[in-house]
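This briefing is meant to be read beside the sequence and the coordinates. The topics follow one chain and then the other, with the contact between them in the middle.

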Amino acid sequence: MKTKQSVVSVEANPRLSEGYAVAKKILYAFSLLLLTSNAHAALNVFACEPEWAALTQLLGGDTVSVYTATGPLQDPHRIEARPSLISKARGANLLVCTGADLEVAWLPVVLRESANNAIQPGSAGYFEAAPVVHMLEVPARLDRAEGDVHPTGNPHVQTDPRNFLPIAEALTKRMVQLDPQGTAGYEQRLASFAQQWRAAIAKWEQQAGPLRGVPVVVQHKGFPYLNAWLGLKEVAALEPKPGMEPSAAHLMQVLNTLQQHPAKMVLRAAYQDGRPSEWIAQRAHIPAVELPFTVGGSDAAKDLYGLFDDTIARLLKGLQ
Amino acid sequence: MFKKVCWNTAIAVLSSHAFNAGAAGMGNNEAAFNPAFSLILSGTYGNLQRDPAIPATGFAMNPSPGHEQGFNLGESEMGISANIDPEYRGVATMALSPSGGISVENAFVQTTTLGNGVNLKFGRFFSGLGYLNEQHAHAWDFVDQPLVYATLWNNQLNEDGLQIKWLAPTDVFVELGGEIGKGRSFPGTDRAKNGSGAGALFAHVGDDIGVEQSWRAGISLHQTREENAVSTAVPDLPNTAGGVSNSFGGSVRTAGLDFVWKYAHNGNIRDRYLKVQGEYFRRKEDGSLTYSTTGANITDGYSVTQSGWYVQTVYQFMPLWRSGLRYDRLDPGVAHVGALNAGNVIANYHFNPSRITWMLDYSPSEFSRLRLQLARDNSRQDLADNQLFVQYIMSLGAHGAHSY
């Protein structure tokens, strides 16, 4: 043991200093990794869902750095308050979420544990998209016997592209408030987004003409805004109550309903288990259509434009 | 008839309007400020082959798991929480015991505006040490706590005091916490004194690995004192029938490690997920023991290092259905017994209590759960026990978000 030590100390100096330099490099790299890597961005954004991450990125350009808390293949109602979410919320100065209680199962814990004053409810850094738009399916009867209902209405507002215009406007106002230096940039990006988006909506509405009045079945009541926009007629839902798993008995009932009120297709979001809608599709002889539901929900839904391009394309394909 | 229908509709419209206004918090009345209120209803049926009062071998001076036989109304738990003002949030959880009476499980105030990653909590709270300690019974994955929690923490360490936590400003989750408190519950004893009677330090680190995996690991230290902690029916070397009553006083120091890892395909926990967790605690008690307080009454030095661990996994194999497996093990250690008691107190039990538990649960919704649990309990030497439990857990009212 002793001899070994003395061997090291003989040729120690060059090696040690080299080792020291390497250790220092590793330590430096590690601390870079640890420290919030987006220190240069004017706004560090914590987006609850991919659609708001995409919108914030479009409106914020390179002045924002966006973290997306949930993936397109995750049920947005069922997210855990994971340690990573808490640490990401700690460094954010703007939080962009759906609201309407969609994130009620995890966001309150994340916000509390993050101990970040900038993004607590009520502060300028806390932005909810749903309250900006007209909400549908506001329950007249608030009772858990009705399943997972949201007191202020159905939270899946991102399935109607028209909703993005007032949300983008409100979000821009918020970003200007938080980062006044970037005002011109935010306003310019909003103006060009609004222009392109309106043109895109006109294009989608034209493409979606054949969908008007088409009866559909949905797996989860996730598409009231899409239905309202395109004039799809929802005849039944596979979930007996919102958020409850489709039971065999209820699926049989839906099948009976479909014999009297035939539907053209059965819709589900990409994050949902395909089996219930495939089961119905086979028996009712209608196509099961998986919609991306959010950015990243399909290969083609790479951004917000892709989201609706692909949604319309899939619906039209289901109609054939 | 038509008139009646009209009336009903009118009332329905009116009431739904009033209701929405209330729900949105727009109603100009006191009720709009009512706190979130929740109630947990639970109950178990237990089928045991052995008397549940028999302690684990070598742990007669520790608490027992406290199982009950037959039909039992579990503790109903009532929770109330709300922001108090812009600075504070209050949380209270009352346990309604089936035999009557209410006990305060948690009653604490939390700061909400300190910022900079700092959270301060004061009042009565579950200590932040380990992984399971902070979880309320309705969130447990099994009917009972692991043996190491049952024997070393009397199921859960509940502290009256102050907790401060700091979250580091890093991408990786790094949380440091410290607590001081009265140390009134096991492993401490309620003492009439100024200052702090117990202290805890803990650190947690966690992150995601891709979108599918997440983990958290932690280390905890806890220190308190026991004074005149009397245990009855403790077996002894002379083999006194029914055991003797011993009293211990001294320092109690515990260190622990915990980890949890979760996996879900695409990170979607609704369909299927897997959770693996384990914890290890090691405790050193050092002081003096009075042997047979009602008989010989001999006091001499006593120190022992007890430890225990568990590993468990829970797998949701299809929506609503989960199954779990847990292995528990304890080590009562070899005690250093003072010369005066060398012929009285058992120093070495030559036995490591263990248990293996399997559970299956079904949750028709996020608010209800039914569970079947089978256990082969080898925690008492030569008294193996096959245990069966059936449990229901239902939650009404506001349902707060669960922690990780």
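In which sense, and over how many bridges, do strand β1 (residues 43-47) of chain A and strand β3 (residues 94-97) of chain A pair? In this predicted model, the pairing of β1 with β3 in chain A is parallel and runs over three bridges. The points below set this pair in its sheet, then turn to the domains of chain A, to the contact between chains A and B, and to the strands of chain B.

**The parallel sheet of chain A**

- β1 and β3 belong to an open sheet of four strands in chain A, which has the order β2-β1-β3-β4 and parallel pairing.
- At the edges of this sheet stand β2 (64-68) and β4 (126-128) of chain A, each of which pairs on one side only, and neighbouring strands of the sheet are turned by 20° against each other on average, with direction ignored.
- Within the pairing of β1 and β3 of chain A, A:Phe46 stands opposite A:Leu95, a residue of β3(A).
- Helix α3 (residues 50-60) of chain A lies across β1, β2 and β3 of that chain, and its direction makes an angle of about 175° with β2(A).

**A buried helix in chain A**

- Helix α4 (residues 83-90) of chain A is largely enclosed by the rest of the structure, because eight of its eight residues are buried.
- The buried residues of α4(A) include the charged-class names A:Lys88 and A:Arg90, and also A:Pro83, A:Ser84, A:Leu85, A:Ile86, A:Ser87 and A:Ala89.

**Two domains in chain A**

- Chain A is divided into domain 1, covering 43-204, and domain 2, covering 208-319, and the centres of these two domains, taken over C-alpha atoms, are separated by 24 Å.
- Where the two domains of chain A meet, 29 residues of domain 1 are in contact with 25 residues of domain 2.
- On the side of domain 1 of chain A that touches domain 2, at least two residues each come from α3 and from α7 (183-207) of chain A, and the largest share, five residues, is supplied by α3(A).
- By class, that side of domain 1 of chain A consists of twelve nonpolar, nine polar and eight charged residues.
- Helix α3(A) therefore appears in two settings, since this helix lies across β1, β2 and β3 of chain A and also gives the largest share of the side of domain 1 that touches domain 2.

**Contact between chains A and B**

- The two chains meet through 39 residues of chain B, which are in contact with 39 residues of chain A.
- Two or more residues of the side of chain B that touches chain A are given by each of α1 (2-23), β6 (118-126), β9 (198-209) and β10 (213-234) of chain B, with the largest share, four residues, coming from α1(B).
- The side of chain B that touches chain A divides by class into 16 nonpolar, 17 polar and six charged residues.

**Chain B as a whole**

- Chain B holds two helices and 18 strands, and its C-alpha trace spans about 90 × 50 × 45 Å along the principal axes.
- Of the 404 residues of chain B, 35% count as buried.
- Among the contacts in chain B with a separation of 6 or more, 60% are accounted for by residues 24 or more positions apart.

**Antiparallel strands of chain B**

- Strand β8 (residues 173-181) of chain B runs antiparallel to β9(B) and is joined to it by nine bridges, while β9(B) and β10(B) pair in the antiparallel sense over twelve bridges.
- A:Ala200 is not meant here: in chain B, B:Ala200 of β9(B) stands opposite B:Glu179 and has B:His222 as its bridge partner in β10(B).
- The hairpin of β9(B) and β10(B) has three residues between the strands, and in this hairpin B:Gly210 takes a positive phi near 65°.
- Strand β12 (residues 273-291) of chain B is joined by 17 bridges to β11 (residues 244-263) and by 19 bridges to β13 (residues 298-318), and both pairings are antiparallel.- Across these pairings, B:Ser251 stands opposite B:Asp286 in β12(B), and the bridge partner of B:Ser288 in β13(B) is B:Gly301.
- Six residues lie between the strands in the hairpin of β12(B) and β13(B), where B:Ser292 takes a positive phi near 50°.

How values were computed
Residues are numbered from 1 along each chain as its sequence is written. Chains are lettered from A and ligands numbered from 1 in the order in which they are written. This is a predicted model: local features need pLDDT of at least 70, side-chain atom pairs count only at pLDDT 80 or more; totals for chains, interfaces and linings use all residues. Two strands pair if DSSP finds at least two bridges between them. Axes are lines fitted to C-alpha atoms, for helices over the stretch in contact, and angles run from 0 to 180 degrees between N-to-C directions. Two residues are in contact if their C-beta atoms, placed from the backbone, lie within 7 Å. Domain bounds come from an automatic or database domain assignment. A residue is buried if 20 or more other C-beta atoms lie within 10 Å of its own, exposed if 12 or fewer, and partly exposed in between; C-beta atoms are placed from the backbone.
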